[in-house]
Amino acid sequence: MTTVHEPATAVTAADLSVWPASTTEPRQGRLAVGGVPLADLADRFGTPVYVLDEAEVRDRCRTYHDAFPDAEVLYAAKAFLCRAMAHWIDEEGLGLDVCSAGELELAVTTGFPPERIVLHGNAKSPRDLDTALRLGVGRIVIDSPAEIARLAAAVGPDGHQKVMVRVIPGISAGGHDKIRTGTEDQKFGLSTADGYAQHAIARILDQPQLELTGLHCHLGSQITTVKPYLVAVRRTVGLMSRLYEQHGLVLPELDLGGGHGIAYRPGEPALDLTALARKVRTELDAACAAAGLPVPRLVIEPGRAIVGPAGVALYRVLSVKHTGDTVFVAVDGGMSDNPRPALYGVRYAPRLIGRAGTAHRTRVTVVGRHCEAGDVLAADVDLPADVHPGDLLAVPVAGAYHLSMASGYNLVGRPPVAAVRDGHARLLVRRESLEDIRRRDVGL
């Protein structure tokens with residue numbers, strides 16, 4: 001066990017750098033978000049619980065509008081989606097990027113305009129395509145040659161559907177091998193290097209019911225530097241130039257995807273959105289001028305960067321165990337509500353809330369309740385030395401890829417989501433109950 005002999009202090013500006021902007025500490029250790037004490041939320045909704053700051057989500061939507069005033073901004077629903085989230089995104093004027101019939105139907109039945117929705121997916125099912133056509137989705141991103149004939153047949157000779165083509169720009173970028181999607185060795189998109197993308201585009205042009213509006217590329221996730229996006233602009237505009245030479249085709253849209261990196265712990269780098277917008281626009285203008293092409297409308301797809309920093313996960317400590325030199329602090333959640341540390345090695349900065357800790361901190365590993373050695377939420381983090389069962393821990397930057405990737409492991413049930421704003425809290429998604437689990441189990 002390593003004890004750090006530093007006095008306990010109130011939350012500093014550096015500590016709060018990865019928390020929602022509304023976070024305050026009215027009394028030492030008693031953090032509040034959106035004007036609501038986190039400990040009160042844990043008591044009211046139980047733990048684990050996800051807390052989402054509505055104002056933070058909306059502010060981040062507006063930040064994107066301000067940075068990219070001439071671009072189309074699509075929120076990537078895979079990061080987190082519920083009816084309230086779809087409503088907020090709609091009210092803030094963003095479009096939506098979905099990956100399944102489920103995400104699409106949830107959004108449209110909430111009232112989200114289908115023409116502002118784009119459907120993605122490397123292996124879209126017949127249900128995905130049928131639902132997209134039935135609901136009138138704005139664009140469908142073609143990811144494989146097989147989709148062209150299937151989509152054309154589903155649209156029918158008298159129908160019409162706007163499409164884009166996802167291309168592989170041959171750029172390695174992202175925070176982990178499993179979330180790098182711009183290279184030839186992964187499942188997404190069509191290669192420009194071997195001509196598959198060009199061949200697919202020629203086939204689309206032979207289908208009069210399919211209207212090709214642009215190219216799409218997505219480099220990966222957790223990208224914290226601007227340079228990969230600039231390279232992507234040059235390479236995709238280069239392909240646009242070749243398409244113009246071969247087919248006389250002028251594409252009006254260029255979608256650079258998302259993947260904008262955020263900080264999970266104080267001091268970590270994050271993508272500079274202002275620099276990204278300025279440099280991408282300059283690069284796009286220059287590349288199009290050199291190619292003699294009109295500048296296409298830019299499309300971007302942030303997900304994590306909008307909702308990630310708006311979320312906080314709350315847990316209650318169940319046990320504290322000393323094993324050799326390691327102190328394990330076990331909580332009532334784990335990899336079923338946040339698999340990202342196990343999948344991608346993501347590191348978080350949990351904090352004791354609800355009370356002030358002792359004058360000294362100790363190095364601990366926060367683990368979950370599941371029967372897996374890899375069920376670790378935060379390794380080697382500093383917490384007050386007197387942390388004990390019954391305490392509350394809060395994990396910031398928990399808005400993205402937590403509930404959307406949550407599982408039914410050990411049948412513990414997925415946590416609820418509560419929204420906070422202006423001193424009020426309300427339930428958005430209720431806790432998954434044992435009765436919910438039993439009702440799905442229909443065999444005997």
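# A guided tour of selected sites

Aspartate 422 is found in the loop between β21 (417–421) and β22 (424–429). Select this residue to begin, and bear in mind throughout that the model is predicted. The phi angle of aspartate 422 is near 50°, a positive value in a residue other than glycine. Is aspartate 422 buried or exposed? Its relative accessibility is 62%, so aspartate 422 counts as exposed, the cut-off for that term being over 50%.

**A second positive phi angle**

Next, select glutamine 222, in the loop that lies between β12 (210–216) and α8 (227–247). Here too phi is positive in a residue other than glycine, with a value near 60°. Glutamine 222 has a relative accessible area of 16% and is buried, because buried means under 20% relative accessible area.

**Histidine 216**

Now move to histidine 216, which lies in strand β12. At 1% relative accessibility, histidine 216 counts as buried. Which residues does histidine 216 touch, leaving aside those up to four places away in sequence? They are His120, Val141, Val165, Arg166, Val167, Asp255, Gly257 and Glu301. Display their side chains together with that of histidine 216 to view this set of contacts.

**A cis peptide bond**

Select threonine 47 and proline 48, which are joined by a cis peptide bond. The omega angle of this bond is about -10°. Proline 48 is found in the loop between α1 (38–45) and β5 (49–53).

**An open sheet of three strands**

Select β2, β3 and β4 next; in that order, these three strands form an open sheet with antiparallel pairing. Which strands stand at the edges? They are β2 (24–27) and β4 (36–37), each of which has a single partner strand, so one side of each is left without a neighbour in the sheet. Strands of a sheet pair through backbone hydrogen bonds, either parallel or antiparallel. To examine one pairing in detail, keep β3 (residues 30–33) and β4 in view: two bridges join these antiparallel strands. Valine 33 has valine 36, in β4, as its bridge partner.

**Two helices side by side**

Select helix α4 (residues 101–110) and helix α5 (residues 126–135), whose axes come within 9 Å and cross at roughly 25°. That angle makes α4 roughly parallel to α5, because angles under 35 degrees count as roughly parallel. The crossing of α4 past α5 is left-handed. Which residues meet in this contact? From α4 there are Ala101, Leu104, Glu105 and Val108, and from α5 there are Arg127, Asp128, Thr131, Ala132, Arg134 and Leu135. Coloured by type, the residues of the contact of α4 with α5 divide into five nonpolar, one polar and four charged.

**A strand with two partners**

Finally, select strand β18 (residues 361–367). Five of its seven residues are buried, so β18 is largely enclosed by the rest of the structure. Add strand β16 (residues 326–331), which pairs with β18 in the parallel sense over three bridges. In this pairing, phenylalanine 328 has threonine 365 of β18 as its bridge partner. Then add strand β19 (residues 376–384), which pairs with β18 in the antiparallel sense over six bridges. Here arginine 361 stands opposite proline 384 in β19. With these strands displayed, the parallel pairing of β16 with β18 can be viewed beside the antiparallel pairing of β18 with β19.

Conventions
Residues numbered from 1 in each chain as written. Predicted model: local features only at pLDDT ≥ 70, side-chain atom pairs only at ≥ 80, totals over all residues. Heavy atoms only, no water. Helix = DSSP H or I, 4+ residues; strand = E, 2+ residues; numbered from the N terminus. Buried < 20%, exposed > 50% of the residue type's maximum accessible area, 1.4 Å probe, protein only. Pairing = 2+ DSSP bridges. Axes fitted to C-alpha atoms, helices over the stretch in contact; angles between N-to-C directions. Parallel < 35°, antiparallel > 145°, perpendicular 65-115°, else oblique. Left-handed = near helix turned anticlockwise from the far one by under 90°. Contact = heavy atoms within 4.5 Å. Nonpolar A, V, L, I, M, F, W, Y, C, P; charged D, E, K, R; others polar.
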